[in-house]
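Work through these exercises with the structure open beside you. Try each task before you read its solution.

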Amino acid sequence: MIGQISNWKEKPKVKKSLQARKKVQITAPKVKIDLEGVGVYCELPRIVVKECYDPYLIWEISMDGSTYYIKADFLIRNGVFVSEEKIYALKPANTYMITLKIDDEVISKWDIQGVNHSYIAFEHNGNLIKKQTLPNYSVILILKNNRKILDKGNLPIFEFPQIPLWFDYNVYSIDLSNTQVLRCTHFNIPVNSEDKPVLIGGKTLFDQENSRTYTKLPKVRVPVISDGDWHLVIKYQFENTVFQKLNVIVKSGHSEILLNEYIEKDAFGQYEIKIWNRTGFNEKFFIEFVPNSKILFNQNDYWPHNVYGYKNNIQTIQTSKEVEIDVYNAEKINEINNGDNIVYKFKTREKDRFLIGEYKYYCNGKVFKTPLKLSILPIAWGIIEDENEVIEYVSKMYTLTKEDFTNSTDPYLLFAFGFHQFQDIQKIKLQLIDTDLQIILENEFQIAYKEGLRIPLNPYLFEIRNNNGASHLDYNLWVSLINSAEDIAASFIVARFQNEMVIRNCKLTQIENEVIIDWEEEGTKIGREIVMVNFVKPWHPPYHFKVDDKKTRLKININHLKPGIYKFLIQKESENLFFDEIEADICTLSNFQKGIIKGRTEEDTSPMEKVLSEILKTRFLKAKVTSKRLLKLQNDIKNLSVQMPEDMNMLSYAYILHNRFPPKRVDKRVISKIFDSVFDLFFDNKNEAFRYVLDSKFSNDYKKQLLQKCYCINLTCKPKINEIQMQTLAKVDEDAYGFIQLIQSENKVFGLNWAGISDIRILKEEDLFGEENHSFLSEENLGKNLYIEQYFQYLYQSIQLPRNLSKSTADFLREFQNQQDVQETKIFGKTRLQLLVEWREQTKKDLNHVKEQLVEVLNICSDTHLKKQFMDVFQALSKRKEADEIGYYIGLIALYASFIRNGLMSETKEFRKLLGYTIEKCNKLYYRDSIIIELYMQKERGYTWV
């Protein structure tokens with residue numbers, strides 16, 4: 001057995017995975033429930049990684065045949081990578097298979113049982129019940145709605161409303177303390193009738209729920225027995241090494257065993273506790289006893305404020321002197337040692353609900369460590385749509401117009417609560433209030449002991465949409481938190497609804513280091529910002545300046561601006577309403593006002609930055625100066641070397657800005673050629689460029705343009721991209737994604753669907769007796785010249801008749817194919833003749849130019865050995881020469897691309913440009929030939945992509 005394990009570990013894939021695991025601190029994901037909030041969800045924990053290449057890790061969740069990928073970005077603290085925590089809403093499934101991947105390596109896998117026999121059960125603390133036997137106390141049961149609980153009238157049972165994504169299930173709370181089996185239609189669920197010892201009481205670190213880390217030791221509640229004593233074994237251990245062991249006998253008759261009678265007051269550390277009795281009762285607990293710490297609250301900054309949300313992002317923690325706190329997702333800005341205690345101050349990020357890190361403490365000369373997850377927001381919120389599965393909270397006021405909800409489906413307001421015990425919050429009140437402070441709609445909800453709350457927004461939106469009387473739309477959605485004394489502990493706005501703003505007569509004045517912007521505005525004059533974009537260094541994030549409500553003037557000190565030339569716009573405050581991937585500002589900002597703002601001048605930090613800045617500056621220069629600058633730039637580019645990903649990032653931003661806002665004074669074609677020459681520098685880094693672009697926050701349209709500029713879409717080498725990037729490629733370029741899936745993927749379902757075929761085998765012609773497969777290079781696949789000749793002859797004759805003058809190309813093609821019964825394989829749902837005719841019709845204005853470009857393929861390959869080795873392909877394609885000359889060139893280009901993919905030919909600069917042009921102009925005609933040729937190379941000649 002040991003030998004088999006050693007051999008298994010030496011397998012290359014296993015060895016690589018085990019090496020990757022050594023760099024990772026693994027924490028298991030959990031399936032939980034929040035009845036009145038998210039519903040059933042998977043808590044994807046933070047993962048600590050020593051080193052990695054990608055700026056994120058990937059969680060893969062498979063549910064009954066469907067697989068979903070969740071990206072968790074890394075934070076870098078003290079040279080260590082720490083991933084974000086994610087919450088993923090789960091649909092019903094028999095099994096949840098969760099995989100953790102880092103740098104394309106599988107680090108760990110978990111199989112978690114889901115719906116079994118039409119039900120799934122949870123503890124009231126939200127944890128999943130993993131055993132097939134239910135405990136003998138109150139549980140949450142989610143049951144398929146075609147199943148019923150029998151003897152319902154004899155059980156203490158309460159039915160909850162349905163939860164998101166579980167529309168075919170009913171939700172119950174059932175007390176099982178007096179039953180041994182829960183009888184349902186068609187099946188029974190056994191109930192454990194045995195009382196086991198459980199931990200109760202104590203005080204957890206920072207009052208964290210479901211925690212096994214205590215600052216005040218708990219008690220063990222035990223069943224009262226009359227036969228025999230309780231045996232208690234307490235092991236004091238450090239990193240799985242036991243260095244102290246205590247055996248205790250507790251007389252029967254006790255209902256509680258106090259652990260502080262056996263564990264000394266300051267004996268901090270990790271404990272394993274076993275308790276058993278000869279009657280069969282036994283249990284094991286793992287706890288950690290740690291020095292006390294507390295979070296210090298400033299009541300003035302603790303709650304969200306009116307329209308501003310949370311104003312304070314400084315968290316203060318007081319610890320014992322034996323404690324050291326290392327927080328991963330916040331910056332430590334102060335540490336004060338007061339002798340008996342230490343006070344830490346951390347600066348948190350805007351959206352963080354928790355402090356995530358490590359709690360270190362010292363005892364008996366040893367350093368113990370325990371994970372830290374500390375709730376820092378008493379209430380968090382976000383607006384979610386029903387189909388959202390990745391749940392996020394923004395905890396700020398939304399500024400929304402009617403148009404923001406045009407395409408929304410069943411939006412709801414989602415709250416997550418992190419109240420501390422002393423706050424005594426019992427209810428939440430939601431009020432829609434108009435500009436005259438009249439309450440339009442009001443609801444109250446009980447929230448005591450709840451983790452979250454989900455409130456449908458449609459009733460509030462209905463009131464807003466039906467407000468036709470007001471000239472200016474102006475509503476606020478207020479939240480009030482109410483304690484048991486019916487006092488309002490906090491009140492704030494979570495959303496504001498208003499008209500679209502209209503800006504007129506904007507005036508810019510710049511006096512030395514101060515800019516004054518004045519304008520006229522239609523609308524509520526609430527929730528606005530001025531955005532300034534650096535038009536010579538757009539890779540720097542734009543500046544956002546909040547405009548005070550009701551004001552139409554803003555003064556800005558520009559001393560702190562990065563060097564550059566800025567343009568500005570006035571807009572409502574930015575929103576990412578339903579948490580889709582946020583697009584980069586460079587892809588969305590528009591409607592810039594007239595005038596420019598000149599920032600400081602400063603030397604560029606890299607050769608690439610200097611070249612790109614100079615290209616973009618030409619829009620602000622006079623024509624005489626510009627031509628000289630451009631000539632010098634063309635020479636400077638030849639000497640540039642590339643640094644990835646920094647230079648690719650700058651180039652992408654510069655290209656998008658130039659493309660979206662082309663200069664008026666400069667010849668666009670000249671600038672475009674200069675950009676092309678810069679993109680050419682990245683050819684040797686195209687795999688890194690591929691990954692960078694797919695991971696970027698640019699719009700899908702610009703991602704596609706960037707991939708084309710870097711020749712990534714050419715697919716002349718095996719793309720090294722992960723599942724998240726592959727998913728993005730499917731949205732960016734369906735053809736490139738489909739081609740990869742058809743040729744390279746083991747599961748070819750998507751590739752087959754993309755190509756419109758049921759099976760690759762239908763592309764292989766069989767002989768009359770079906771005994772032997774022939775080549776993919778059949779005329780049915782590559783096309784028959786006879787059909788082309790006959791079609792154009794038919795077309796010529798048909799258009800001579802007056803009755804056919806109103807017919808379209810589609811009409812003629814359909815009639816011809818019906819008459820001739822065209823025997824060509826359908827790929828993309830069309831014969832090659834149909835693809836060709838439709839393409840020629842769409843390209844008729846540029847047909848001669850396309851032909852002039854594609855004919856260059858005849859100068860590409862002069863390798864007589866290759867032509868001889870693949871004579872059958874060359875001969876099959878050469879049949880197109882007379883009737884379909886352009887098709888002949890397209891076939892050769894597809895063939896040479898395959899030669900390069902399979903390591904038979906080197907890629908030249910001329911060919912990669914020609915291939916990129918062919919894919920852009922000929923699209924499905926090119927891909928049809930590529931599919932046939934690539935399958936021929938793979939299945940008949942045994943080649944694989946390199």
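**Exercise 1. A three-stranded sheet**

In which sense do strand β31 and β32 pair, and over how many bridges?

*Solution.* Keep in mind that this model is predicted.
Step 1. Find strand β31 at residues 354-363.
Step 2. Follow its pairing with β32: the sense is antiparallel, over 10 bridges.
Step 3. Check one pair. Phe-354 has Ser-375 in β32 as its bridge partner.
Step 4. Place the pair in its sheet. The sheet is open, has three strands and runs in the order β28-β31-β32, with antiparallel pairing.
Step 5. Name the edges. They are β28 (323-327) and β32 (366-375), and each pairs on one side only.
Step 6. Add the twist. From one strand to the next, it averages 25°.

**Exercise 2. A six-stranded sheet**

Find the strand order of the open sheet of six strands, then its edges.

*Solution.*
Step 1. Read the order: β18-β19-β25-β24-β21-β22. The pairing is mixed.
Step 2. Look at the edges, β18 (203-204) and β22 (241-250). Each has a single partner strand, so one side of each lacks a neighbour in the sheet.
Step 3. Take one pairing. Strand β19 (residues 213-216) and strand β25 (residues 282-289) pair in the parallel sense over two bridges.
Step 4. Locate a residue pair there. Tyr-214 stands opposite Phe-289 in β25.

**Exercise 3. Two helices**

Are helix α6 and helix α8 roughly parallel or roughly antiparallel to each other?

*Solution.*
Step 1. Locate helix α6 at residues 607-617 and helix α8 at residues 646-660.
Step 2. Take the geometry. The helices pack at an angle of about 5°, and their axes are 10 Å apart.
Step 3. Apply the cut-off: angles under 35 degrees count as roughly parallel. α6 and α8 are therefore roughly parallel to each other.
Step 4. Find the residues that meet. From α6 come Met-608, Glu-609, Leu-612 and Leu-616. From α8 come Asp-647, Met-650, Leu-651, Ala-654, Leu-657 and His-658.
Step 5. Sort the residues of this contact: seven are nonpolar, one is polar and two are charged.

**Exercise 4. One arginine**

Describe the surroundings of Arg-553.

*Solution.*
Step 1. Place Arg-553 in strand β46, residues 553-557.
Step 2. Judge its exposure. Partly exposed lies between 20% and 50%. Arg-553 has 46% relative accessibility, so it counts as partly exposed.
Step 3. List its contacts, leaving out residues up to four places away in sequence. Arg-553 touches Ile-516, Ile-517, Asp-518 and Trp-519.
Step 4. Pick out Asp-518. It is 35 residues from Arg-553 along the chain, yet their C-alpha atoms are separated by 4.5 Å.
Step 5. Turn to the side chains. Those of Arg-553 and Asp-518 are joined by a polar contact of 2.5 Å.

Technical notes: Residues numbered from 1 in each chain as written. Predicted model: local features only at pLDDT ≥ 70, side-chain atom pairs only at ≥ 80, totals over all residues. Heavy atoms only, no water. Helix = DSSP H or I, 4+ residues; strand = E, 2+ residues; numbered from the N terminus. Buried < 20%, exposed > 50% of the residue type's maximum accessible area, 1.4 Å probe, protein only. Contact = heavy atoms within 4.5 Å. Polar contact = N/O pair within 3.5 Å; in protein donor to acceptor, adjacent residues only side chain to side chain. Axes fitted to C-alpha atoms, helices over the stretch in contact; angles between N-to-C directions. Parallel < 35°, antiparallel > 145°, perpendicular 65-115°, else oblique. Nonpolar A, V, L, I, M, F, W, Y, C, P; charged D, E, K, R; others polar. Pairing = 2+ DSSP bridges.
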